[in-house]
Amino acid sequence: MAAFRPEIWLERYVQYTRESPLIANVAVANYSNEVKGSPRKGDHVIVPGFTLGAPIFITEGTATFSSVTDVSKTITLNVEIGHAVAWNASDELLNAPGYVDAVIKQAAYRIGVRQNLEILGHATGSDVGLAISGSAVTDARLLQGAAHLDDQDAPLEDRYAVVTSLQYNDIRGISTFTSADFNPQTATNNQRIVGNVRGFNVVQRPKTEFVLVNSGSDNPRNGLLLAKGALGFAEAPKLPRIVPVGGAFRDAIEVMSLFGVTRLLPAQMVQLFTPG
């Protein structure tokens, strides 16, 4: 086999994962750049944070101070996932850009889906600030979620609605967002595409990525409203390698990722779900 150049494969993997519309890149705080060296499973990334005590009004001769509390959080790199592609092509293709890109895109997508599962699994009903039940996403429920985030002092920018395809169709059916009476551009574009509703940027994902949110069931209506800083994510992709497999295929190219997720501000998450 021709000389395998893992650094090329790793560079492409990082490029595709950073540019892809995965939840880790869009709707959560990504601390992957804070991962240093060659971490092992179980290593940590520290997310610094603090809170200030009540303001103190100073008068002459007093020595009273406001307190500062350390509320730093830890992201543990505890999930290891990989994707292997069997190799049965000519050696000349091993490091060819077109082939590398094709394989890495597939690997990055497969690993990204697993990362989405883990991210959404950290937003279950008992761990969010508010759970809103109902048979469909409505404007009233979106307003209720927005009001909750306002009460939690969540930033007005970088708020996201991560929803299933059925919930996305619910939103598309709300005339306030899609009717030309309210949005003249929809008539011009002849489209019913929703990008932002009540301050939430809409991210549509397959219902199968929400199974950890709903105790193993792929509930078609089980979405999430959140501020970007509510969840923290960090990834340390490993250097790809050649793995012997035998049989009809001589070898396999293995792409591995080590990552972790943690709740930073769980009160700034709202679950939208249908019970049962």
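This passage walks through a six-stranded sheet, two helices and two loop residues in a predicted model.

The sheet is open, and its six strands come in the order β7-β15-β11-β8-β10-β9, with mixed pairing. The edges are taken by β7 (130-133) and β9, each of which has a single partner strand, so one side of each goes without a neighbour in the sheet. Further in, β11 (residues 222-227) and β15 (residues 269-273) run antiparallel and are joined by five bridges. Within this pair, L226 of β11 sits opposite M269 in β15. Helix α5 (residues 165-172) lies across β8, β9, β10, β11 and β15, and it runs at about 120° to β8.

Helix α4 covers residues 139-151, and its length checks out: 13 residues at 1.5 Å a residue should span 18 Å, and the end C-alpha atoms are indeed 18 Å apart. Its buried residues are D139, L142, G145, A146, H148 and L149. As for spacing, an α-helix has 3.6 residues a turn, so residues three or four places apart point the same way.

After α4 comes D153, in the loop that leads to β8 (159-163). D153 is not a glycine, yet its phi is positive, at about 60°. With 66% relative accessibility, over the 50% cut-off, D153 counts as exposed.

A positive phi also turns up at R198, again a residue other than glycine, with a value near 50°. R198 belongs to the loop between β9 (196-197) and β10 (200-204). Its relative accessible area is 36%, which makes R198 partly exposed.

Methods
Residues numbered from 1 in each chain as written. Predicted model: local features only at pLDDT ≥ 70, side-chain atom pairs only at ≥ 80, totals over all residues. Heavy atoms only, no water. Helix = DSSP H or I, 4+ residues; strand = E, 2+ residues; numbered from the N terminus. Expected span 1.5 Å × (residues − 1). Buried < 20%, exposed > 50% of the residue type's maximum accessible area, 1.4 Å probe, protein only. Pairing = 2+ DSSP bridges. Contact = heavy atoms within 4.5 Å. Axes fitted to C-alpha atoms, helices over the stretch in contact; angles between N-to-C directions.
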